[in-house]
Amino acid sequence: MVDFLLSTPSEYLVAHPILHTIEPAASTWGDKGNLEVWLDQTNSWIYPHLHGAALRMSGCARAHANDATELADRVLKQLARELLLAQSSDWAFLMRTGTAREYATKRTMDHLVRFNRLHDQFVANDVDEKFLADCEWRDNLFPKVNWRYYV
């Protein structure tokens with residue numbers, strides 16, 4: 001008979017301190033099994049903008065990690081939503097394949113523009129609550145998104 005024991009990841013690591021690590025090969029379901037579908041001349045322009053937004057998101061999250069007011073919590077949640085939506089790999093895929101290039105470009109830009117506008121207002125301590133409410137209504141998925149993951 002084999003004993004069955006539940007444990008947390010931390011408890012497991014204490015009991016088994018030597019771990020083997022692996023690094024999976026970079027591969028995708030995209031054409032040729034590599035990343036070129038998501039990174040080529042048709043869509044590479046988005047990545048500097050996405051990386052910059054991610055850095056700004058982390059900065060805001062760190063700055064408010066321990067003192068978020070109700071308004072700050074709403075703004076940070078919406079910043080996280082806009083960033084996640086801008087980062088959707090579907091947009092880069094559609095830009096590359098050309099099936100909906102204009103739509104994908106517009107969606108990426110719309111999310112980045114809303115992210116940047118809301119971020120700048122937040123940093124300036126001058127949030128347009130009507131704009132925030134419109135963003136929350138427009139992109140109301142992930143109602144419980146945890147912006148603290150960006151800390």
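Is W38 buried or exposed? I looked this up first in the predicted model. W38 is buried, at a relative accessible area of 12%.

**Entry on aromatic rings.** I searched the whole structure for aromatic pairs and found four. I noted that a ring pair is described by the distance of the centres and the angle of the planes. For W29 and W38, the ring centres are 5.2 Å apart and the planes stand at 85°, so I recorded this pair as edge-to-face. I then checked the exposure of W29 and found that W29 counts as exposed, at 65% relative accessibility. W29 also pairs with F93: their centres are 5.2 Å apart and their planes lie at 50°, so I entered the pair as tilted. This pair joins distant parts of the chain, 64 residues apart, with W29 in the loop between α1 (9-15) and α2 (46-63) and F93 in helix α4 (residues 89-97). F93 is partly exposed, with 23% relative accessibility. I therefore drew W29, W38 and F93 as one cluster, because ring pairs link them.

**Entry on a charge and a ring.** I located R117 over the face of F131, at 3.8 Å from the ring centre.

**Entry on cysteines.** How many disulfides does the structure hold? I found zero. C60 is in no disulfide, and the nearest cysteine sulfur belongs to C135, 14 Å away. Why is C135 not bonded to C60? The sulfur of C135 is 14 Å from that of C60, its closest cysteine sulfur, which is too far for a bond, because a disulfide needs the two sulfur atoms within 2.5 Å. I also looked up the burial of both residues: C60 counts as buried at 6% relative accessibility, and C135 is buried with a relative accessible area of 0%.

How values were computed
Residues numbered from 1 in each chain as written. Predicted model: local features only at pLDDT ≥ 70, side-chain atom pairs only at ≥ 80, totals over all residues. Heavy atoms only, no water. Buried < 20%, exposed > 50% of the residue type's maximum accessible area, 1.4 Å probe, protein only. Phe/Tyr/Trp six-rings, centres within 6.5 Å; stacked < 30°, edge-to-face > 60°. Helix = DSSP H or I, 4+ residues; strand = E, 2+ residues; numbered from the N terminus. Lys NZ or Arg CZ within 6 Å of the ring centre and 35° of its normal.
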